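Me: Got a minute to go through this one with me? I'll paste it in and start with the strands.

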Amino acid sequence: MQDCIFCKIVQKEIPGKVVYEDDQVLAFHDINPVAPVHVLLIPKQHIPTHFDITAEDTKLIGHLHLVASRIAEQLDLGEKGFRLVSNCKEYGGQLVFHLHFHLLGGRHLKWPPG
Ligand code: 5GP
Ligand code: ZN
């Protein structure tokens with residue numbers, strides 16, 4: 001989609017530090033990490049928010065979660081664990097309107113979030 005920064009990363013129009021890629025999913029390091037490990041996982045297709053996920057996307061979303069745990073293992077988060085979060089719209093703190101999941105790890109994360 002035009003003017004979507006994450007679509008541009010998918011299209012390689014702007015650079016991303018990619019950690020994983022297949023035909024459906026792309027994962028890359030967040031430009032402004034808030035933890036020692038901060039990777040963003042996105043579907044390659046433009047889905048703006050959680051509310052735009054359709055029944056046809058359920059396999060894709062499941063696949064993305066499987067990829068997340070594989071990446072977590074590769075980045076040595078297997079023992080201590082990690083957090084996988086997605087911010088939805090204004091109150092969720094969503095800034096980029098292309099569905100994405102933050103894979104955070106490498107430090108003890110607090111709960112509840114602010
Ligand atoms: P949100 O608040 O929408 O859940 O998070 C968007 C995330 O995208 C933020 O953590 C932000 O640092 C990251 N981000 C925004 N623009 C870019 C970019 O051009 N490249 C990368 N790698 N991350 C970005
Ligand atoms: Zn997009």
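Me: Which residue stands opposite Val18?
Reply: Phe28, which is in E2, stands opposite Val18. Strands here are DSSP runs of at least two residues (E) and helices are runs of at least four (H or I), numbered from the N terminus.

Me: And in what sense do E1 and E2 pair?
Reply: Antiparallel, over three bridges, with E1 covering residues 18-21. Two strands count as paired if DSSP finds at least two bridges between them.

Me: How many residues are between E1 and E2 in the hairpin?
Reply: Three residues lie between E1 and E2 there.

Me: Before I go on, what am I looking at, source-wise?
Reply: It's a predicted model: local features need pLDDT of at least 70 and side-chain atom pairs count only at pLDDT 80 or more, while totals for chains, interfaces and linings use all residues. Residues are numbered from 1 along each chain as its sequence is written, chains are lettered from A and ligands numbered from 1 in the order in which they are written, and side-chain values use heavy atoms, with hydrogens and water left out.

Me: OK, ligand time. How many residues surround ligand 1?
Reply: 16, and the closest are Asp30, Asn87, Leu95, His100 and His102. A residue is in if one of its heavy atoms lies within 4 Å.

Me: What's the class split of that shell?
Reply: Eight nonpolar, seven polar and one charged. Ala, Val, Leu, Ile, Met, Phe, Trp, Tyr, Cys and Pro count as nonpolar, Asp, Glu, Lys and Arg as charged, and the others, Gly among them, as polar.

Me: Which element gives the most to the shell?
Reply: H1, with three residues.

Me: What about polar contacts, N or O pairs within 3.5 Å?
Reply: An oxygen of ligand 1 is 2.5 Å from a side-chain N or O atom of Asp30. On the backbone side, an N or O atom of Gly93 is 2.8 Å from a ligand 1 oxygen, and a polar atom of Val96 is 2.9 Å from an oxygen of ligand 1.

Me: How much of ligand 1 does the protein bury?
Reply: 84% of the 520 Å² that ligand 1 exposes when taken alone. Those areas are Shrake-Rupley, with a 1.4 Å probe.

Me: Switching topic: which peptide bond is cis?
Reply: The one from Trp111 to Pro112, with omega near 5°. Pro112 is in the segment after strand E5 (101-105).

Me: And what's phi at Asp3?
Reply: Near 70°, a positive value in a residue other than glycine. Asp3 is in the segment before H1.

Technical notes: Polar contact = N/O pair within 3.5 Å; in protein donor to acceptor, adjacent residues only side chain to side chain.
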